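Grab your favourite viewer and work through the exercises below. Try each task before you read its solution.

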Amino acid sequence: VIASDPIRAAIDALPPLPEVAVRVVEIVNDPDFSTDHLVAVVRTDPTLTTRVLKLCNSSLFALSREVHTVADAIAYLGSRRLVKLVLATCSMVYFRALDGAAGDSETLWRHSLATGILAQHLGERSEIVAPGTAFTAGILHDIGKVVLAPFADRSPGELAAATAAKAGDFLAGERALTGFDHAVVGGMVADRWQLPVDLRRAIRHHHSAALIMRDNPLTAVVHVADVIADQLGCGARDAFAYGLLPEATALLTLADDDLHRVRLDAIDEIERSEDLLKLE
Amino acid sequence: MWLRRTVDPDCVPGVAERVELVTIGQCAASAEPGMVLRSSAVGSGLVVLLHDTPACAGGMLYFALPHASFDEELAKKSPARFLDTGLVALLERLIAAGARLERLRAHLVGGADVAGSSFGAVNLAAAEDALAARELPVESRHVRGSVIRVAQLLIGPGVASLGPAPGGQDAP
């Protein structure tokens, strides 16, 4: 087991989520947010603005004309897609930093994007969680794995062996190797980034018992999105390690047909997001 | 193990550049020897592989839901989203490519299980029923369990191969 200090040091060493991303998260927490406010916030970060405009003008969106301003981007993409682009761009750097024995940064990034997209659709469907907040929680829900990877994946097969030794309990495998699991570490990262409280809880408790989810529908959204991402083939190394808690779907008042609709609606978007994997 | 032979298309000279990716909600067929049809990662969804060896024709359907009745408008635009309409579309393509219905053999890949959800099992049962209704024999199954898979079909020698999802779990 790794002493806790190196893990805490790794959390401290993680670059902070850009201020602009934190403010965008706060804005989209309000379902009736103002697009003018959003434009003003995004424009405060010239580097991010440049990257977002570059993405807007890439083949990813195949726009009929070149976009030169954030306001144009909202006009052509819509504010919701712009928000996703901003948050995906800000989050991507953390997953890109994974390397070495972890060796699955692309898989984890794909899973995180898919979970974000599915969470957004679940938010829309359930009508009790703001879709933008749901996307943010989904894309960041496994951020703890980024911190734990150097400690839990020091050699190929180490984490798999530890999980097997714990009767297939992935979180217990992580704890056996590092003293922490990725959900708890993700919660610590979210605390350090001072994310909104519901986001912190969703990241920390997305694998937790139903009673904890009951206090926070966002946690239930992330839990369900995480499981559906696995079902759609977008699983990370812990794919299929967790069951779908019926309490989560009940809290969101989602029946099987609602989940089918979310799967169908999200498929195209997930496929398109594959292009984001290739972007620098 | 459902494999008749394990082939990595990347190791077959001249084949690697002739790979067609079939993602969820899509189907594809080919009668071009050496062509590889490869699915994107498969979880609880299901891939149906069909192959007519003498005709050197094969196809792949990666459906999302079993029944088009769920959204008939969508099924008209994207039949491969659903097993029933997707299978018809795939069979039409295979027959156009020279395959004969009575010679087709099927392989099934996917249908992985999540505790608390019957999604994978329902997909698998629907595929078995649909193939049985058309008297299409299933030669092999790599299904259920808690595994992410990739299905591959090499057109020509009638070889279906299965590989691990890139960066994901190995198939058992």
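What follows is a set of three exercises with worked solutions.

This is a predicted model, where local features need pLDDT of at least 70, side-chain atom pairs count only at pLDDT 80 or more, and totals for chains, interfaces and linings use all residues. Residues are numbered from 1 along each chain as its sequence is written, chains are lettered from A and ligands numbered from 1 in the order in which they are written, and side-chain values use heavy atoms, with hydrogens and water left out.

**Exercise 1. Size up the contact between chain A and chain B.**

Step one is to collect the residues in contact (heavy atoms within 4.5 Å). That takes 22 residues from chain A and 30 residues from chain B.

Step two is the buried area, meaning the accessible area (1.4 Å probe) that two parts lose on being put together, summed over both. Between chain A and chain B this comes to about 2,000 Å², and carbon and sulfur atoms give 62% of it. On the chain A side, A:Gln231, A:Phe240 and A:Leu264 supply 33% of the area buried against chain B, more than any other three residues.

**Exercise 2. Find the charged pairing across the contact, then the helices of chain A behind it.**

Start with salt bridges (a side-chain nitrogen of Lys or Arg within 4 Å of a carboxyl oxygen of Asp or Glu). The count between the two chains is 2. One of them pairs A:Arg261 with B:Asp71, with 2.9 Å between the closest N and O atoms.

Now the elements, which are DSSP runs numbered from the N terminus (helices: H or I, at least four residues; strands: E, at least two). Helix H15 (217-231) and helix H17 (256-278) of chain A are the ones that give two or more residues to the side touching chain B. H17(A) gives the most, with 8 residues.

**Exercise 3. Hunt for enclosed space and describe its lining.**

Rolling a probe the size of a water molecule over the atoms shows where empty space is left.

The search of the whole structure turns up 1 cavity of 30 Å³ or more. About 130 Å³ of space lies in the largest cavity. Its lining has 15 residues, and the closest to the centre are A:Asp104, A:Lys145, A:Asp153, A:Leu159 and A:Arg237.For the terms: on a 1 Å grid over the protein atoms alone, a cavity is a set of points where a 1.4 Å probe fits but cannot get out, and lining residues have an atom within 4 Å of a point. Grid points are joined across faces, edges and corners, and a volume is the space filled by probe spheres set on the points.

Last step: H9(A) gives the most to this lining, with 4 residues.

Notes
On a 1 Å grid over the protein atoms alone, a cavity is a set of points where a 1.4 Å probe fits but cannot get out, and a pocket is an open set with protein on both sides within 12 Å along at least five of seven lines; lining residues have an atom within 4 Å of a point.
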